[in-house]
Amino acid sequence: MKSVDIEKIKQDDRNYVLHSWAKQKQVNPKTITKAKGIFFWDDEDKKYYDMCSQLVYLNVGHAHPKLLEEFKHIGEIPISAPGFATASKAELARKIIDVAPSNMAKVFFANGGADSNDHAVKIARMATGRYKIFSRYRSYHGATFGAGNLSGESRRFTVEPGLPGFIKFDVPYLYREVIDFENEEAATKFYLDRLRNQMLYEGPETIAAVFMEPIPGSNGVLIPPKGYLEGVRELCDEFGILMICDEVMTGFGRTGKMFAVDHFDFEPDMMTFAKGVTCGYSPLGGVIVSEKVAKYFDDHVLMTGLTYSGHTVSTQIGCATLDIYKDENLIEHADEVGKVLASRLEELRGYDSVGDVRHIGLFAAVELVKDKTTKEPIIAYGMDYGKDKVGLMSQFVSLLSEFGFYTYSHESSVIIAPPLVITEQELNESMDLFEQVLTLFEKDVLF
Ligand code: PLP
């Protein structure tokens, strides 16, 4: 594209582009004309703090010089079909295994998050010879048919009636749990007992895998109670079920460690990834499998594939991205700045409309309520995506945007997940804006 005619872009967009999860008549997108680090500018030259890293993928920030430089070298590695070994695919697989949990052995490359999850389901079914897949309510695993069936929130209704064999179980969501548990351990025991029962009811010998975001992201950064994930691992071991962790959003430093599972004391059998592996500079996803799963396919055909599996351009960008995490100590940095975010978020608990704050590293959600005592949510469950007539959450997010704080919400939770390169000062500036908006929202809109 040589010159930028904003009006023409918008006109073509209106006329020819179908936008996701939206009534097309209500779509009126801005254009990003410039971007750098944690900031971007719209077509009216308004500056925004990108506090959700676009869709929680721009971990290294906008216009990272090393990635822009890498693009100059695209074409040096010949474009080749998945059957060929290429320098970038081989190197990236090695680099991913180097940073993955110690039991992980090989990588199957896909194009993004949803199709990575679809492939994980297929791989689990092949490796176990079983067909049922357990996944959780309040999860999001993607919009394809398979990943849509895995998902446990309102976006899955778009793929209903669902596929047979996809079973949902409850997620620990302690803020909204009706039982008042004595402590986290008691909550863990409750959820694990329920899950074990459900496995028995379904017939453990039919269950191929338990699929979970270790920390559900879009649905409000739901941190699991102590021992819960380890307990799920034990149940999987008891019944010979594979445990698959969806690290599409949490992977590559978001939580202050390389993967979210690194915060806990267990190893999954498979992990899916996308977003942070290339930070969106080129689309890429994949499935990391354990030594045990990898070995199964030594003598069995891996009956799946994609034209662009291990795409030369995307894996080259992936290699450069992984170098950036390491060279710039980005993950340690996310952990450090995450502490500043944590303290700013904890202070928000003083506001009447803030029901809960949940955070780990640079991955956080602020859950808003109409009434702190009754915990009445701003939006009732399932009322997102054009059904919320009152539009209180949309108003809140629009106000944030007006103040230059760009992010999105899901149900009553606002996501805060800035690029990992954010400085302490930028974080404080952006959270000052958040508090100004919260004050205004409570005064002019909510109460
Ligand atoms: N899994 C998780 C945990 C996600 O957060 C997402 C997207 O937000 C996906 C899967 C789907 O990824 P994609 O949109 O790249 O298909």
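In the predicted model, 31 residues of domain 1 are in contact with 27 residues of domain 2. The domain assignment places residues 6-60 and 329-446 in domain 1, and residues 71-327 in domain 2. The centres of the two domains, taken over C-alpha atoms, are separated by 25 Å. On the side of domain 1 that touches domain 2, the elements contributing two or more residues are α2 (53-56), α11 (330-347), β11 (354-360) and β12 (363-371). The residues of this side comprise 15 nonpolar, nine polar and seven charged.

The ligand is surrounded by 15 residues, of which G112, G113, A114, G142 and V248 are the closest. Helix α5 (residues 113-128) supplies the largest share of this shell, namely three residues. By character, the shell around the ligand consists of six nonpolar, seven polar and two charged residues.

Helix α4 was examined for its length and its burial. This helix covers residues 87-99 and contains 13 residues, for which a rise of 1.5 Å a residue predicts a span of 18 Å; the C-alpha atoms at its ends lie 19 Å apart, in agreement with that expectation. The buried residues of α4 are S88, K89, L92, A93, K95 and I96. Viewed down the helix axis, these buried residues fall within an arc of 165°, and they therefore line one face of α4. Such an arrangement can be related to helix geometry: an α-helix has 3.6 residues a turn, so residues three or four places apart point the same way. On the other side of α4, R94 and D98 are exposed. The cover over the buried residues of α4 includes strands β4 (104-110) and β10 (285-290) together with helix α10 (312-327).

Several loop residues show notable backbone features. The peptide bond from E160 to P161 is cis, with omega near 0°. P161 is located in the loop between α6 (145-150) and β6 (166-169). Another loop, between β5 (132-136) and α6, holds R138. Although R138 is not a glycine, its phi is positive, at about 55°. R138 has 23 other C-beta atoms within 10 Å, and because a residue with 20 or more such neighbours counts as buried, R138 is assigned to that class.

A positive phi, of about 60°, is also found at F252, which is not a glycine either. F252 belongs to the loop between β8 (242-246) and β9 (270-273). With 30 other C-beta atoms within 10 Å, F252 is buried.

F297 lies in the loop between α9 (291-296) and α10. F297 has 16 C-beta neighbours inside 10 Å and therefore counts as partly exposed, since that class lies between the limit of 12 or fewer for exposed residues and that of 20 or more for buried ones. In sequence, F297 and I123 are 174 residues apart, yet in space their C-alpha atoms are 9.4 Å apart.

Notes:
Residues numbered from 1 in each chain as written. Predicted model: local features only at pLDDT ≥ 70, side-chain atom pairs only at ≥ 80, totals over all residues. Near = placed C-beta within 6 Å. Helix = DSSP H or I, 4+ residues; strand = E, 2+ residues; numbered from the N terminus. Nonpolar A, V, L, I, M, F, W, Y, C, P; charged D, E, K, R; others polar. Expected span 1.5 Å × (residues − 1). Arc of directions from axis to C-beta. Contact = placed C-beta atoms within 7 Å. Domains from an automatic or database assignment.
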